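Please find below a colleague's note on the structure shown here, set out as numbered points. Each point may be read beside the sequence and the three-dimensional view.

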There are 2 protein chains.
Amino acid sequence: MSQRPLEEILHPKSIAVVGASDTGRGGGFLTPLQENYKGKIFPVNPKYSEIGGLTAYPRVNAIPGPVDYVISSIPAHQVLDLVEDCGQKGVKGLHLFTARFSETGRKDAAELEKEILKRTRAYNLRIIGPNCMGVYYPKEGIAFNSGMPMESGKVGLISQSGQVVGEIVSFAGQAGVRFSKAISYGNALDFNECDYLDYFAQDPETEIILMYIEGVRDGKRFPQALKKAASVKPVLVVKGGRGQAGTRATVSHTASLAGSQAVWEALVKQAGAVSVNNLEDLVDLTLAFNFLPPAKGRNLAVMGGSGGSSVLSADQCEEAGLEVIPLPQEIRSKLKESGSPIWDWIGNPADFSISMGDHDAAFKIGFLMAEHPSFDLIMAFVHGPWGRRAKNFSLEKHLTPYNMIQRFNKPAVFIYQEMRNQEKDDEDLAKIRGEIKGKLIEWNMAVYPTIRRAARALSAFVGYYENRK
Amino acid sequence: MSQRPLEEILHPKSIAVVGASDTGRGGGFLTPLQENYKGKIFPVNPKYSEIGGLTAYPRVNAIPGPVDYVISSIPAHQVLDLVEDCGQKGVKGLHLFTARFSETGRKDAAELEKEILKRTRAYNLRIIGPNCMGVYYPKEGIAFNSGMPMESGKVGLISQSGQVVGEIVSFAGQAGVRFSKAISYGNALDFNECDYLDYFAQDPETEIILMYIEGVRDGKRFPQALKKAASVKPVLVVKGGRGQAGTRATVSHTASLAGSQAVWEALVKQAGAVSVNNLEDLVDLTLAFNFLPPAKGRNLAVMGGSGGSSVLSADQCEEAGLEVIPLPQEIRSKLKESGSPIWDWIGNPADFSISMGDHDAAFKIGFLMAEHPSFDLIMAFVHGPWGRRAKNFSLEKHLTPYNMIQRFNKPAVFIYQEMRNQEKDDEDLAKIRGEIKGKLIEWNMAVYPTIRRAARALSAFVGYYENRK
């Protein structure tokens, strides 16, 4: 019998939350669904007749009408009964938030897990999990935490850890990235990493694939699945469990055997995917793929820094593997012709502080750099009105030149450091800082909090295009 | 004639701001002084009779009574006259914010700089700068930006760049670090890096020295000055101008010739100081020295992570050079005896999510780890009430166990990620997030925003004590 595909269970017309209660974790799944999901929601718990304003049912097959999708937060030993119920009811997908299976390292728990899989097969009931947070799919109004963004984006995320989904959606989200869908899949009892890769590879809603994986379930199929996905869209992979301690931790987290890191790195590279070491780097590189046009080279124009930050940007960009080339002579000549008093002094990085507060004059230099064919990439520092009164500050006027830098259709990254002091902070300034961040995101700019993070992300981004040649 | 020492000019009873105006940068120095400085303040500008409510004077020697310290923001070509005025008036220290000297790369500007130094010698007038932001000394109420913290701390900062002082004071400040004093010294025409090092080495108000340097002025004296300072307190040094582009940038920033990075690294290490590559790392390591007791080894207990973050903390800590050793058998036995249902499952990192929300049970494991002699270091994840209602959250109750972790007198670092979503964010949660951060700082805890940053800082911190053996 052919297995029901993932796509079929991702568009449920009704969802039951089994183990829901007024206080417990089951209720944690109920609340975000009530906030956003348009289909029918059925809380299931024999102890309640009503939960959160919804009629509660004692069990799944007591629910009137069809149920497409079930979220389980009941204890592990009750899941076999639930599977029977779901099977008889014609449920298509079962998300097992329920944990304490093979990841405990206990034999009976691992056997129970296997038995569950066997029983679902008879009903063509598919499982996401166990031991995971399941699906975040904003277009369908499905989220596993209150407040997850409900706008859709082009980034898809496959993760063995629900915590990681929460962090990535939050941190990339704060920088303006939105997701097509994310799936936390835990122990991968039924659908495994290869199924998810295949799905996201063909998913028209997803343009960039992120993956957090602790252990591969189908080692034979995985290299091909990864290669296939990476051949059609960028795939960024974080491997959890790289060292000794991490490998011990993956076993107790998702019952994964991690394997050799060197072999892994080679495999990922050969597949054309990008290996990333931590979530910070993953978020930073995601920003680049989400916001920037493709890169054509490593020559970088840096502008807008001030003194020490300008010097350190040169150091850190070079150390990250970017080429901070000298200012082309043609630009210097143009500046001289136009009467710039700093034509002989300014360089690359272009320290805008030496234009003594003349924002427009500084950006004239910036635009000359951005349009010059020697430069493939742009890095610009965004400043706020620090330590001065905010009265005469025009957000729109101040930020427009940064936005214009984007029009040269070269990958441009922006450094915006929220400098502030703890005490006596001017409320007007605090408000403006928030507005600056908001405006940059509104304009789809890739904004980084430090030079280091921007430089590393940009270099890895260029590397992706170099490797594809 | 012996030169007036730095200490003598850092406690002025009166300060004149030359070039002050209602709008310009001179006024930028005036405002923070007016907010905090207890001595007399004299704005100097022939175009005004009054600035910011203070009587303005046409020139320094028109000021009635003595003037100890002068801040200059007038153009470079007017500085020679100012020096004469200051000399006749008996001024002790002259801070030249004034720029466009040797850093322009122009011969006449460099000659003017030399002439200025020559003239000040005759009056025993000492110069800080030129081309710098000068002194931040909270105890004396001296700051160069509004809103810089006015509490004193134990960290001293020497920097060729004023921008760097602003960033370090802001970013370390947001994590609870306070400064004894900071000096931005620009082109180092008179006092140079060796003078500042000597000063901070003997300064009883300073326990940790940070340094941002682009070029050494006194190469003969520098190794000895650095060694002397590092022998009495930790010295953390960031070198700006490490690569080709950075070296070009140091010339135009502070007229510094940067020199070979390999030689530099060897020199710093031999002196017993710590070389750091960027401001993010500098801030992170400063936190460690500011808050932690000395380290005795590399064996690390990690606790409080959840699933993927727990796995990744193991990987990143190992990769940073820390030893995430297996959970000692004695701890497992104690857990078994006390009836813990996860005695066989929990490990190091201790994933607190498997205690299913039982905060107290989780911390019982945490305390067993913290007190066990196998562990030299502690890393703990601090969680907030994410994605749930904030109603029943007790800040004090929730955070107290983290504070108790500190009582084992081992270096303990804390990861606190401000997870949030852009939209529909609960205001109560936002408030609690701020309160958590505030409480951790109030309790003098070293808090980091990511695993990577905490792991790197902790490893470098241990390395410092290893190198001193």
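**Note on the structure**

1. Strand β11 (residues 208-213) of chain B runs parallel to strand β12 (residues 235-239) of chain B, and 5 bridges join the two. Within this pairing, Leu210(B) has Leu236(B) in β12(B) as its bridge partner. The reader should keep in mind that this is a predicted model.

2. These two strands belong to an open sheet of 6 strands in chain B, whose order is β8-β10-β9-β11-β12-β13 and whose pairing is mixed. The edges are taken by β8 (134-136) and β13 (274-276) of chain B; each has a single partner strand, so one side of each is left without a neighbour in the sheet. From one strand to the next, the twist averages 15 degrees. Helix α9 (residues 261-271) of chain B lies across β11, β12 and β13 of chain B, and runs at about 145 degrees to β13(B).

3. Chain A also has an open sheet of 6 strands with mixed pairing, in the order β8-β10-β9-β11-β12-β13. Its edge strands are β8 (134-136) and β13 (274-276) of chain A, each of which pairs on one side only. Direction ignored, neighbouring strands of this sheet are turned by 15 degrees against each other on average. Helix α9 (residues 261-271) of chain A packs on the sheet and touches β11, β12 (235-239) and β13 of chain A; the direction of this helix makes about 145 degrees with that of β13(A).

4. Inside the sheet of chain A, strand β9 (residues 155-159) and strand β11 (residues 208-213) pair in the parallel sense over 5 bridges. Leu157(A) has Leu210(A) as its bridge partner in β11(A).

5. How many residues does each chain bring to the contact between the chains? Chain A gives 82 residues and chain B gives 84 residues. The area buried between chain A and chain B is about 6,500 Å², and carbon and sulfur atoms give 47% of that area.

6. Between chain A and chain B there are 6 salt bridges. One salt bridge joins the side chains of Arg452(B) and Glu280(A), at 3.0 Å from N to O. Side chains of opposite charge can pair when their charged atoms come close. In addition, 32 residue pairs are in polar contact between chain A and chain B. On the side of chain A that touches chain B, the elements giving two or more residues include α2 (25-36), α5 (162-174), α10 (279-291) and α16 (451-468) of chain A. The residues of that side divide into 25 nonpolar, 31 polar and 26 charged.

7. Over all chains, the count comes to 45 salt bridges. Lys439(A) and Glu396(A) form a salt bridge in which the closest N and O atoms are 3.4 Å apart. This pair links distant parts of the chain, 43 residues apart: Lys439(A) is in helix α15 (residues 427-442) and Glu396(A) is in helix α14 (residues 395-405) of chain A.

8. Some backbone details deserve a separate look. Most residues other than glycine have a negative phi, and most peptide bonds are trans. The peptide bond from Asn348(A) to Pro349(A), however, is cis, with omega near 0 degrees; Pro349(A) lies in the loop between α12 (329-337) and α13 (359-371) of chain A. The peptide bond from Gly129(B) to Pro130(B) is cis, with omega near 5 degrees, and Pro130(B) is placed in the loop between β7 (126-128) and β8 of chain B. Arg100(A) has a positive phi, near 65 degrees, and lies in the loop between β6 (93-96) and α4 (107-123) of chain A.

Terms used. Residues are numbered from 1 along each chain as its sequence is written. Chains are lettered from A and ligands numbered from 1 in the order in which they are written. This is a predicted model: local features need pLDDT of at least 70, side-chain atom pairs count only at pLDDT 80 or more; totals for chains, interfaces and linings use all residues. Side-chain values use heavy atoms; hydrogens and water are left out. Two strands pair if DSSP finds at least two bridges between them. Helices (H or I, at least four residues) and strands (E, at least two) are DSSP runs, numbered from the N terminus. Axes are lines fitted to C-alpha atoms, for helices over the stretch in contact, and angles run from 0 to 180 degrees between N-to-C directions. Contact means heavy atoms within 4.5 Å. Buried area is the accessible area (1.4 Å probe) that two parts lose on being put together, summed over both. A salt bridge is a side-chain nitrogen of Lys or Arg within 4 Å of a carboxyl oxygen of Asp or Glu. A polar contact is a pair of N or O atoms within 3.5 Å; within protein, one must be able to donate a hydrogen and the other to accept it, and residues adjacent in sequence count only if both atoms are side-chain atoms. Ala, Val, Leu, Ile, Met, Phe, Trp, Tyr, Cys and Pro count as nonpolar, Asp, Glu, Lys and Arg as charged, and the others, Gly among them, as polar.
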